[in-house]
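Here is a short walk through one protein model, written for someone who would rather look at side chains than read statistics. Keep the viewer open and follow along.

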Amino acid sequence: MVAVALVTGANKGIGFEIARRLGERGITAIIGARDEERGRAAAELLGLPYVRLDVTDAASIRAAVTWIEQEYGRLDILVNNAGITFADGPPSQTSVEQARQVYETNVFGVIEVTNAMLPLLRRSSAGRIVNVSSERGSIGRTLDRSHPLWPMLNLAYCSSKAALNMITVSYAKELWDTPIKVNTVDPGWVKTDINHNSGIKPPEEGAAPIVAMALLEADGPTATFVQHEGTLPW
């Protein structure tokens, strides 16, 4: 039976590479994207299915669930990849509106998509949920004055990723005695639109640890926070 995956924000960058790598392994990797033109173009390029999915739009999420259920009857892998940010700056200069906008995608969108897709994931013999986080959401790393993250300030983005880490752990605890594993992955500083291509890793490299978590064996871990180099402190 061919595994079915959904990758949010998959029309470009890391999400595109995640879908491509999953597709290369014979998995039906659904391109989830809010922009229909870009989403369909990405799906056509990869030879994969597309579903319109705006993680901040409840109606869009419900429609995607209905479509996946009708087409495949279940979901084996969910990769919550969609995310946004604003430029770095002092917390005192962060507007509440900016923070709300970031949280709508990076936090509330993940919760809403995961809750909606969970009934389909429960039908899988080995469901996997992978949340794409960031080392900048690690409180341990952020407070290390010897680490390059120390001078970096982005209240909305960093706190949203810290929240995402707790969301990951919370779902993992609920699903602890099921076949579903829930983990969070930092792809590293990847060249993407979100950082104006200022990263040092190509998207292909950033996608690798995410795909590895999506393809965990039955004895693999749950409730972990990892990057390519190993486990990260919460």
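How much space lies in the largest cavity? About 30 Å³. Before going further, a word on where this comes from: this is a predicted model, so local features need pLDDT of at least 70 and side-chain atom pairs count only at pLDDT 80 or more, while totals for chains, interfaces and linings use all residues. Residues are numbered from 1 along each chain as its sequence is written, and side-chain values use heavy atoms, with hydrogens and water left out.

**The cavity**

A search of the whole structure turns up 1 cavity of 30 Å³ or more. On a 1 Å grid over the protein atoms alone, a cavity is a set of points where a 1.4 Å probe fits but cannot get out; a pocket is an open set with protein on both sides within 12 Å along at least five of seven lines; and lining residues have an atom within 4 Å of a point. Grid points are joined across faces, edges and corners, and the volume is the space filled by probe spheres set on the points.

Around the largest cavity you'll find Thr8, Val55, Asn80, Ala82, Thr105, Gly109, Val110 and Val113. Helix H4 gives the most to this lining, with 4 residues. Helices (H or I, at least four residues) and strands (E, at least two) are DSSP runs, numbered from the N terminus. By class, the lining splits into 4 nonpolar, 4 polar and no charged residues. Here Ala, Val, Leu, Ile, Met, Phe, Trp, Tyr, Cys and Pro count as nonpolar, Asp, Glu, Lys and Arg as charged, and the others, Gly among them, as polar.

Glycine 109 sits in helix H4. Is glycine 109 buried or exposed? It is buried, because its relative accessible area is 1%; the cut-offs are under 20% for buried, over 50% for exposed and partly exposed in between (1.4 Å probe, protein chains only). Its C-alpha atom is 12 Å from that of valine 79, and the two are 30 residues apart along the chain.

**The second largest pocket**

This one holds about 180 Å³ of space. Its lining includes Ala3, Ile27, Asp76, Ser124, Arg128 and Glu217. Counted by class, the lining has 7 nonpolar, 2 polar and 3 charged residues.

**Salt bridges**

Side chains of opposite charge can pair when their charged atoms come close. The rule used is a side-chain nitrogen of Lys or Arg within 4 Å of a carboxyl oxygen of Asp or Glu, which counts as a salt bridge. That gives 9 salt bridges, including these:

| Basic residue | Acidic residue | Closest N and O atoms |
|---|---|---|
| Arginine 20 | Glutamate 24 | 2.6 Å |
| Arginine 123 | Glutamate 69 | 2.8 Å |
| Arginine 74 | Aspartate 76 | 3.0 Å |

Take arginine 74 and aspartate 76, which form a salt bridge. Arginine 74 is buried at 13% relative accessible area, and aspartate 76 is buried too, at 9%. Salt bridges with shared partners also join Glu17, Arg20 and Glu24 into one network.

Why are arginine 20 and glutamate 24 separated by about one helical turn? Because they are 4 residues apart in helix H1 (residues 13-24). Arginine 20 is partly exposed at 23%, whereas glutamate 24, at 55% relative accessibility, counts as exposed.

Arginine 123 and glutamate 69 make a salt bridge as well. This pair links distant parts of the chain, 54 residues apart: arginine 123 is in the loop between helix H4 (96-121) and strand S5 (128-132), and glutamate 69 is in helix H3 (residues 58-71). Both ends are partly exposed, with arginine 123 at 46% and glutamate 69 at 36%.

**On the surface, and a loop contact**

Ile139, Leu143 and Trp150 form a nonpolar surface patch with about 330 Å² of accessible area together. Patches are made of residues with over 30% relative accessible area and no salt bridge, joining like charges within 9 Å and nonpolar side chains (Val, Leu, Ile, Met, Phe, Trp, Tyr) within 5 Å. Areas come from the Shrake-Rupley method with a 1.4 Å probe, and for residues only the protein chains shown count as cover. Isoleucine 139 is found in helix H5 (residues 139-142) and counts as exposed at 53% relative accessibility.

Finally, look at proline 90, in the loop between strand S4 (77-80) and H4. Proline 90 is partly exposed, at 33%. Its C-alpha lies 5.9 Å from that of leucine 153, although the two are 63 residues apart in sequence.
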